[in-house]
Amino acid sequence: SADKLRQQLDAANYKHIVLGLIFLKYISDSFSAQQQRVTADLKNPASPYHLAPADYDSPADYTAAIAAELEERDYYTKDAVFWVPREARWDEIAAVATLEPGAELPWGGRHGGVAKLIDDAFDAIEKDNPRLKGVLQRISDYGVSSQPLIGLIQLFSDTSFSGHGALSAKDILGHVYEYFLGRFALAEGKRGGQYFTPKAIVSLIVAMLEPYHGRVYDPAMGSGGFFVQTERFIRAHQGNLADAISIYGQEKNRTTWKLAAMNMAIRGIEYNFGKGPADSFTHPQHIDQKMDYVMANPPFNADEWWSEALAGDPRWKYGTPPAGNANYAWLQHMLYHLAPTGRMALLLANGSMSSQSSGEGDIRRALIEADLVEAMIALPSKLFTNAAVPACIWVLHKDKPRKGETLFIDARQMGYLIDRAKRSFSDADIERITTTYHRWQKADGYQNEPAYSYAATTAEIARNDYVLTPGRYVGTAESEEDSEPFAEKMTRLTALLNEQFAQGAALEAQIKANLGELGYE
């Protein structure tokens with residue numbers, strides 16, 4: 001896909017073309033699969049939908065009757081399958097894509113170019129599925145010529161989102177969509193991080209909070225990664241997403257908001273993302289809603305967030321955040337939305353754990369004294385494609401089971417390198433951190449582990465000036481006792497050092513001699 005687009009588009013714009021085409025292909029595949037099931041029912045004498053050939057004057061009439069029945073929308077909507085109008089069906093588009101502009105189209109009208117064909121398909125889909133209105137990005141806006149688009153259509157025509165054994169079409173599309181988001185984030189660098197949080201981090205937070213039921217909220221949702229992982233978590237534990245949770249999210253960036261809405265649509269997840277893209281601080285879309293779980297990766301250290309309209313806002317219960325840094329604004333905004341027994345986890349820059357500037361230390365102290373901070377996790381570097389800033393996870397709980405205690409986990413040495421610039425957590429890493437947190441929380445055999453975890457009392461935290469950096473509490477690993485007496489060890493090491501000095505001098509003399517033979521004194 002990138003190869004076919006890179007001559008005409010910047011990498012930052014690939015997603016607008018590719019993700020729309022993936023979505024179009026997926027709903028067409030799902031529609032075609034449902035057509036096959038409906039056809040089988042119509043021809044099955046045991047089915048309540050059976051059409052008997054004997055009731056028609058000729059085989060042609062019977063075939064025409066089957067074809068007419070296949071255009072009844074109720075056969076699709078009853079099984080939650082997108083109804084796809086003819087002009088939006090992939091096979092129909094692929095069949096006419098190579099026609100000359102001006103050619104008559106089977107469903108009426110004339111060929112106005114491949115980009116217009118695809119945009120007309122999006123128009124038809126949105127008209128028949130109002131929930132998607134304004135979500136699908138129109139391709140004509142990017143000025144891509146017909147030939148690359150024809151190439152993409154032919155490329156995607158060789159791919160099917162159905163018939164892959166245990167994986168459903170929805171699962172496959174989800175993997176494809178997530179892969180593309182990750183690749184776009186890598187290609188776009190910092191800007192790409194506006195919509196993509198690494199899957200390992202999302203998985204860790206979801207595994208810790210265990211959002212089985214209730215309201216789930218992300219006020220900086222990006223492309224909706226936390227909601228997707230929540231759906232996977234519930235399915236993995238034999239739950240029904242529709243019966244278990246309600247999804248609420250907000251996003252300021254219009255393109256990213258569309259990516260999130262499309263991400264939910266392809267997975268069949270019901271959602272409430274407000275009336276459209278909006279700033280969570282100045283135009284909160286769910287201000288009166290209380291949430292059972294809040295999970296988020298807001299922009300780190302954002303310095304242009306403040307508005308005078310926010311002065312005296314009821315969300316700043318623990319202190320007004322500084323205008324030059326939104327970290328504690330995000331934290332308090334999310335806390336404001338928590339139900340009386342709610343829990344939240346958010347990613348913030350490491351500076352949030354120790355900063356004393358502009359009143360941040362006072363806000364942190366108020367949160368700790370209110371017994372809201374349940375756990376702090378220091379993360380390794382290189383987890384984010386878009387930020388070199390070291391990060392941590394704050395876990396807050398309005399009804400902590402371990403009153404007067406906070407768990408500190410130092411995970412800075414965990415994870416593995418994917419490449420020189422990118423690190424990730426393994427499943428074992430996620431399991432270790434999650435198990436530590438749950439055992440401590442449930443008083444189920446938890447013990448402090450030097451250099452890794454420590455449960456500190458509020459009094460201990462107060463003695464450390466309310467700094468929440470895990471390294472300050474977990475200490476260092478115990479080293480094995482050195483059995484060699486110090487005097488003997490120093491004698492041995494000194495002799496070794498002198499020997500190495502002698503070898504260095506000999507090498508230096510040899511190099512000078514070699515240079516002399518070459519005429520370089």
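This passage looks at one helix and its packing partner, at two residues with positive phi values, and at a buried arginine. The model is a predicted one.

Helix 9, which spans residues 199–209, is a good place to begin. Most of this helix is covered, with 10 of its 11 residues buried. The buried residues of helix 9 are Ala200, Ile201, Val202, Ser203, Leu204, Ile205, Val206, Ala207, Met208 and Leu209.

Part of the surroundings of helix 9 is provided by helix 15, made up of residues 427–441. The axes of the two helices lie 9 Å apart and meet at an angle of about 25°. Because angles under 35 degrees count as roughly parallel, helix 9 is described as roughly parallel to helix 15. The crossing of these two helices is right-handed. On the side of helix 9, the residues in contact are Ala200, Ser203, Leu204, Ala207 and Met208. Their counterparts in helix 15 are Ile430, Ile433, Thr434, Tyr437 and His438. Sorted by character, the residues of this contact comprise 7 nonpolar and 3 polar ones, with no charged residue. Ala200, Ser203, Leu204, Ala207 and Met208 also appear among the buried residues of helix 9.

What follows helix 9 in the chain? The next residue is Glu210, which has a positive phi near 50° although Glu210 is not a glycine. Glu210 belongs to the loop that runs between helix 9 and strand 1, the latter covering residues 214–218. With a relative accessibility of 21%, Glu210 counts as partly exposed, because the buried class is reserved for values under 20%.

A positive phi is also found at Lys382, another residue other than glycine, where the value is near 65°. Lys382 sits in a loop too, between strand 5 (373–378) and strand 6 (391–397). The relative accessible area of Lys382 is 39%, so this lysine is partly exposed.

Arg89 completes the picture. Is this arginine buried or exposed? Its relative accessible area is 11%, so Arg89 is buried. Arg89 is located in the loop between helix 4 (74–77) and helix 5 (90–96). Leaving aside residues up to four places away in sequence, Arg89 touches Ser28, Phe31, Gln35, Glu71, Trp83 and Val84. One of these neighbours, Glu71, is joined to Arg89 by a polar contact between the two side chains, at 2.9 Å.

Technical notes. Residues are numbered from 1 along each chain as its sequence is written. This is a predicted model: local features need pLDDT of at least 70, side-chain atom pairs count only at pLDDT 80 or more; totals for chains, interfaces and linings use all residues. Side-chain values use heavy atoms; hydrogens and water are left out. Helices (H or I, at least four residues) and strands (E, at least two) are DSSP runs, numbered from the N terminus. Buried means under 20% relative accessible area, exposed over 50%, partly exposed in between (1.4 Å probe, protein chains only). Axes are lines fitted to C-alpha atoms, for helices over the stretch in contact, and angles run from 0 to 180 degrees between N-to-C directions. Angles under 35 degrees count as roughly parallel, over 145 as roughly antiparallel, 65 to 115 as roughly perpendicular and the rest as oblique. A crossing is left-handed if the near helix is turned anticlockwise from the far one by less than a right angle, and right-handed if clockwise. Contact means heavy atoms within 4.5 Å. Ala, Val, Leu, Ile, Met, Phe, Trp, Tyr, Cys and Pro count as nonpolar, Asp, Glu, Lys and Arg as charged, and the others, Gly among them, as polar. A polar contact is a pair of N or O atoms within 3.5 Å; within protein, one must be able to donate a hydrogen and the other to accept it, and residues adjacent in sequence count only if both atoms are side-chain atoms.
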